[in-house]
Each structure stands twice: as structure tokens, then as C-alpha cells.
Amino acid sequence: MNSLNHYTYGSIVQWMYENICGLTAKDEGFQAFYVAPEFTDRFSYVDMRYDSPKGTILIKWEKQAASYKLYVKVPFDTEAIVKLPGSKDKEIVLASGEHYF
């Protein structure tokens, strides 16, 4: 019998969360985390949900005509550090709540 809980599947999902969606933990437990999506023309939208120890993190982005829309939901008592493509080293710190770019 083939296992459906194989490392190969997990590594692909990890790559998608960390690269396409841009979610990585700044510290253990996701008290703070980074959102640095890699926008690409290969997808018209991305919609991810991650149940962290601190609560549910939502990241969505959608390709518009000449730009992208980004939505980030930050759980209570945590913070997100957003790095947008093309913004060099600029970081935007977000408190708990829903945020749109």
C-alpha cells in the first residue's frame, strides 16, 4: 500500500506556503511571521489558510490587469511583517486584524 502521508507531499506544500504565498515564521509559534509572496503570472489567484498555534492566518492574492491585490488576516496578539516584491528592503509591520494592499 502506498502512503498518502509521504514526505514528498509535505515538501511541495511547504514550498507553496513559503514561496508562492510567502508565509514563514519569524519565531517559533508564529508570534510574528513574514508574508513575502512571489507574485507570478502562472496563477491568477492564490488563497491559503494556515492554522498556527496563535490562530488562523489567511493570505490571498489576486492578479489584476496590471497589478496584484493582497489580503492578509493576522491572528489576535501576533504581528505580520510584509515584504512586497519590488519594494527592496521595505517592511510593513501589521498588527492583528484584516489588511488589504
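Here a biologist and a modeller talk over how some surface labels in this structure are decided.

Modeller: A friendly warning to begin with: this is a predicted model, where local features need pLDDT of at least 70, side-chain atom pairs count only at pLDDT 80 or more, and totals for chains, interfaces and linings use all residues. Residues are numbered from 1 along each chain as its sequence is written, and side-chain values use heavy atoms, with hydrogens and water left out.

Biologist: What makes Lys63 and Asp41 a salt bridge?

Modeller: A salt bridge needs a side-chain nitrogen of Lys or Arg within 4 Å of a carboxyl oxygen of Asp or Glu. Lys63 and Asp41 have an N to O distance of 3.6 Å, so the pair meets that definition.

Biologist: Which parts does the pair tie together?

Modeller: Lys63 sits in strand E4 (residues 55-63), and Asp41 in the loop between strand E2 (32-35) and strand E3 (45-52), so the parts joined are 22 residues apart in sequence. Strands here are DSSP runs of E with at least two residues, and helices are runs of H or I with at least four, numbered from the N terminus.

Biologist: Why is Asp41 called exposed?

Modeller: Buried means under 20% relative accessible area, exposed over 50%, and partly exposed in between (1.4 Å probe, protein chains only). Asp41 has 62%, so Asp41 is exposed.

Biologist: And why does Lys63 count as partly exposed?

Modeller: Because its relative accessibility is 30%, a value that falls between those two cut-offs.

Biologist: What about Trp15, in helix H1 (residues 7-20)?

Modeller: Trp15 has 47% relative accessibility, so Trp15 counts as partly exposed.
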